[in-house]
Amino acid sequence: MNDYRQLRINGQRLWDSLMEMAQIGATQKGGCNRQALTDLDKQGRDLFVKWCEDAGCNVTVDEMGNIFAQRPGTGSKGGPDLPPVLTGSHLDTQPTGGKFDGVYGVLAGLEVIRTLNDAGVETEAPVEVAVWTNEEGARFSPAMIGSGVWAGEFDLDYAYARQDKEGNTFGAELERIGYKGQAPAKPRPLAAAFEVHIEQGPILEAEEKTIGVLSGVQGMNWYDLTLIGQPCHAGPSPMEGRRDPFMGLHRILDQLYKLAEEHAPWARATFGDIRVEPGSRNTVPEKLVLAVDLRHPDQKTLDAMDQRFREIAARIAEETGLEHEIREEWRSPAVAFDTKCVEAVRSAVADLGYSNKEMVSGAGHDSVYISRVAPTSMIFVPCEKGLSHNEAENAEPKDLEAGANVLLHAMLKMANPG
């Protein structure tokens, strides 16, 4: 097949693969709970590896459990060592996750390879699909640690030592499920990297656009805010004399929500987890630990939000007689994607005739780290009501098919240069 312009992926096959994968960890509400390095994660990985081997791919696993399935290129013009064009995402989910977050990016990449096989299309450069370990960060913090180690953001020992809430370490769990591979978890040359993903927000659906052409990812900071007061009896202790961490916390939350409003529409402030000590119903707590997530696509604005957060916490803690500490868990600066990769996506969208919108990602993705060591960009498709990290997460088959078609043609452009 010499004219690739008419080439399209098999949308029904992509949908069937998504639904089959969704059975692993399926929840009663229609979502998925397939957290990283669990037995269910292993089942999902095993299924993906089988599908890749059936498609003729060479499969390798690195020290972080990242899986790489490569379809060889011809190398007829550039030689046998041409760097691959890579795509991929993740198979792990949130505890109340959906069927498409991350999984779509992995299986769309597999569908690209299956489509090339069906049509007998050879590429100059190899084409490769990656499964990155623990993108969600739901079981092991921080998020995106598989791609982060691979890209040099974290070292291997740091990753292996991360613990879940039961005290299980990342390294022990990786070995237990049999996905601690031998390949070095470190960067190697890539011609380009793409990731296709559901938007996880409402913009494309609201504007009735089929494809999001991504130019970057917003910056994000994760913190643990600790407030320490004095425990006392819930009954005899007058309200005015208490050093109650919750009395400081509600004022801090109010100020941080206002901070997000000041930098609307792109600023985000989220408080996704809280731990109370000693955690007794009739005792004013001694300590609160709150997970704080601040985001903005402009790095200067995010830095300003960081400074304001620290000032707000310090002032209110002092006014309410509390001790406070801010521990920075993770910092991911704003990302600008590679212009050639963005143009490859833009050109593919134009050739295919899909409606589209240029945008930045509000969520973190493995492409954040990949972009630091390889030319990278992303493709978004709409998801229903912008809902994600939710068992009701949904996407239209026609949109998923369109995104995979854009991925196919963007990869072909980069795998057949000139």
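**View 1. Lys385 and His389, two residues with positive phi.** Lys385 is exposed, with a relative accessible area of 67%. That value is over the 50% cut-off, so Lys385 counts as exposed. The model shown here is predicted. Lys385 sits in the loop between strand 15 and helix 12. Its phi is near 55°, a positive value in a residue other than glycine. His389 also belongs to the loop between strand 15 and helix 12. His389 is not a glycine either, yet its phi is positive, at about 55°. The relative accessibility of His389 is 38%, so this residue counts as partly exposed. Most residues other than glycine have a negative phi.

**View 2. The cis peptide bond between Ser141 and Pro142.** Ser141 and Pro142 are joined by a cis peptide bond. Omega is about 0° here. Pro142 is part of the loop between strand 4 (127-131) and helix 4. Most peptide bonds are trans.

**View 3. The cis peptide bond between Glu277 and Pro278.** The bond from Glu277 to Pro278 is cis. Its omega is near 5°. Pro278 lies in the loop between strand 9 and strand 10 (283-284).

**View 4. Helix 10 packed against helix 12.** Two packed helices are described by the angle between their axes and the distance between the axes. Helix 10 spans residues 339-352, and helix 12 spans residues 397-415. The two pack at an angle of about 125°. Their axes are 8 Å apart. That angle makes helix 10 oblique to helix 12. The crossing of helix 10 and helix 12 is right-handed.

**View 5. The salt bridge between Glu358 and Arg346.** Helix 10 appears again in this view, with Arg346 as one of its residues. The side chain of Arg346 meets that of Glu358 in a salt bridge, at 2.7 Å from N to O. Glu358 is in strand 14 (residues 356-361). The pair links distant parts of the chain, with the partners twelve residues apart. Glu358 is partly exposed, at a relative accessible area of 39%. Arg346 is partly exposed too, with a relative accessible area of 33%.

**View 6. A salt-bridge network that includes Glu173.** Asp39, Arg139, Asp164, Glu173 and Arg176 are joined into one network by salt bridges that share partners. Glu173 is placed in helix 6. Is Glu173 buried or exposed? At 10% relative accessibility, Glu173 counts as buried, because buried means under 20%. Tyr369 gives a distance marker for this view: Glu173 and Tyr369 are 23 Å apart in space, C-alpha to C-alpha. In sequence, Glu173 and Tyr369 are 196 residues apart.

**View 7. The salt bridge between Arg372 and Glu153.** The structure holds 33 salt bridges. One of them brings together the side chains of Arg372 and Glu153, at 2.4 Å from N to O. Arg372 lies in the loop between helix 11 (366-370) and strand 15 (376-381). Glu153 lies in the loop between helix 4 (145-150) and helix 5 (156-161). The pair therefore ties together parts that are 219 residues apart in sequence. Arg372 counts as partly exposed, at 36% relative accessibility. Glu153 counts as partly exposed as well, at 34%.

**View 8. The salt bridge between Lys165 and Asp273.** Here the side chains of Lys165 and Asp273 meet, at 3.7 Å from N to O. Lys165 is in the loop between helix 5 and helix 6 (170-176). Asp273 is in strand 9. The pair links distant parts of the chain, 108 residues apart. Lys165 counts as exposed, at 74% relative accessibility. Asp273 counts as partly exposed, at 39%.

**View 9. A nonpolar surface patch with Ile274.** Which residues form this nonpolar patch on the surface? They are Phe246, Ile274 and Val276. Together they have about 220 Å² of accessible area. Ile274 is found in strand 9, which covers residues 268-277. Ile274 is partly exposed, with a relative accessible area of 38%. That value is over the 30% that patch residues need.

Methods. Residues numbered from 1 in each chain as written. Predicted model: local features only at pLDDT ≥ 70, side-chain atom pairs only at ≥ 80, totals over all residues. Heavy atoms only, no water. Patch = residues over 30% accessible without salt bridge, like charges linked within 9 Å, V, L, I, M, F, W, Y side chains within 5 Å. Areas by Shrake-Rupley, 256 points an atom, 1.4 Å probe, with all protein chains shown as cover. Salt bridge = Lys/Arg side-chain N within 4 Å of Asp/Glu carboxyl O. Helix = DSSP H or I, 4+ residues; strand = E, 2+ residues; numbered from the N terminus. Buried < 20%, exposed > 50% of the residue type's maximum accessible area, 1.4 Å probe, protein only. Axes fitted to C-alpha atoms, helices over the stretch in contact; angles between N-to-C directions. Parallel < 35°, antiparallel > 145°, perpendicular 65-115°, else oblique. Left-handed = near helix turned anticlockwise from the far one by under 90°.
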